[in-house]
Amino acid sequence: MLLYKSGISYINKSCHAVISEGCKKQDFTFSKHTTYGLGGGAEEAYFPRNFAEARAVYDRLKNSCEGHTEKDKTTSECTRAFILGNGSNVLAADNKFDGGVLCTKKLSAIFRAGEKSIFCAAGTSVATILKYCINHGLGGLEYLSGIPATIGGIVCMNGGAGGRYINSNVISVKLYDGKNYNLSNEKCNFGYKYSTMRDINALILGIYLSVVTISPQKESELINYYSGRRRSLPKGKSCGCVFKNHSGVPAGKLIEECNLAGLRIGGAYVSPEHCNFIINDGATANDVKKLIQFVADRVFERFAIRLEEEVVYIGDFNETDG
């Protein structure tokens, strides 16, 4: 299911695994691979198509970090390596990222793992998973309908909708950090928009998910219902909600009460329809970053609440630019 045919460009000697010629993308830009549609290029970018190739790319990028000073690293990962799914919660800087990107979009596959479980490779999209569920009379994941993300990205941030989160379906997560291992649901330490995968230097290869038996017709109806609930969300290029809710209070409500609806910096503006959305309307990444900071500061000034951002930043932002 995860097989491919391709020429071989080089061997990663550190792990003796093959990285195919078609895996490396020469003209990669974050603007083409994030829902914000913003961001510059990268030093190197890879789109592995099977687990062996994904592991080889991970090892290559990890090895490229060796020898860098501690200034170039965080405590848990090298800042020169970034794992990208569909880029639905990512804001990449306008300038070139001085590092490598492993994008899981082509690491897509699904198979039945048991009577009440399926296995999805990390790069499998929500739309693909729900189509599989309809075709096989399976349910339990329809609340994800309409989320423009890969399953790996959703699990990493414990995403969800309508008050339900993916941790309710996760059985275990298949990871790689130089060796393969499975992390049980309990050891993922899921919380509100959080999992332990956000804090460790490891590649999500796939996820075992619990499902239920349901008629294809009923599953289609449920998917349409949840999709309909998302149609009222703001249109335009965004990362969805920018901030986490605070102690049960919607971040969008706090922003609205600061009279920030419609506020614009450059080509970025706070959506009047849902104030937790910041829309790219001809913006630069710097515009968006400045607006996010401005909104957070205003909410803090009025309510003494420091909103926590959901968006993940990649690259170096020059916030002194106009």
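These are my notes on what I looked up in this structure.

**Overview.** I'm working from a predicted model. I started with the secondary structure, and the protein chain gives six helices and 20 strands. Next I checked burial: of its 322 residues, 48% count as buried. The chain exposes about 15100 Å², with carbon and sulfur atoms supplying 49% of that area. For contacts with a separation of 6 or more, I find that 64% join residues 24 or more positions apart.

**Cores.** I then went after the largest nonpolar core, which has 32 residues. Ile-118, Leu-141 and Ile-166 are the ones with the most contacts inside it. I looked up which elements give it two or more residues, and got β9 (117-121), α2 (126-136), α3 (151-156), β13 (170-176) and β15 (203-210). α2 gives the most, with five residues.

I picked out Ile-166 for a closer look. Setting aside neighbours within four places in sequence, Ile-166 has contacts that include Leu-141, Tyr-143, Leu-144, Ile-151, Ile-154 and Leu-209. Asn-158 and Gly-159 are also on the list for Ile-166.

Apart from this core I noted another, of 28 residues. Among its members are Ala-251, Leu-291, Leu-307 and Phe-317.

**Helix pair.** Back to α2: how do the axes of α2 and α4 (residues 216-230) cross? They come within 7 Å and cross at roughly 150 degrees. Angles over 145 degrees count as roughly antiparallel, so I logged α2 as roughly antiparallel to α4. The crossing is left-handed. On the α2 side I see Leu-130, Cys-133 and Ile-134 making the contact, and α4 brings Pro-216, Glu-219, Ser-220 and Ile-223.

Methods. Residues are numbered from 1 along each chain as its sequence is written. This is a predicted model: local features need pLDDT of at least 70, side-chain atom pairs count only at pLDDT 80 or more; totals for chains, interfaces and linings use all residues. Side-chain values use heavy atoms; hydrogens and water are left out. Helices (H or I, at least four residues) and strands (E, at least two) are DSSP runs, numbered from the N terminus. Buried means under 20% relative accessible area, exposed over 50%, partly exposed in between (1.4 Å probe, protein chains only). Contact means heavy atoms within 4.5 Å. Accessible areas come from the Shrake-Rupley method with a 1.4 Å probe; for residues, only the protein chains shown count as cover. A nonpolar core is a set of buried Ala, Val, Leu, Ile, Met, Phe, Trp, Tyr and Cys residues joined through side-chain atoms within 4.5 Å. Axes are lines fitted to C-alpha atoms, for helices over the stretch in contact, and angles run from 0 to 180 degrees between N-to-C directions. Angles under 35 degrees count as roughly parallel, over 145 as roughly antiparallel, 65 to 115 as roughly perpendicular and the rest as oblique. A crossing is left-handed if the near helix is turned anticlockwise from the far one by less than a right angle, and right-handed if clockwise.
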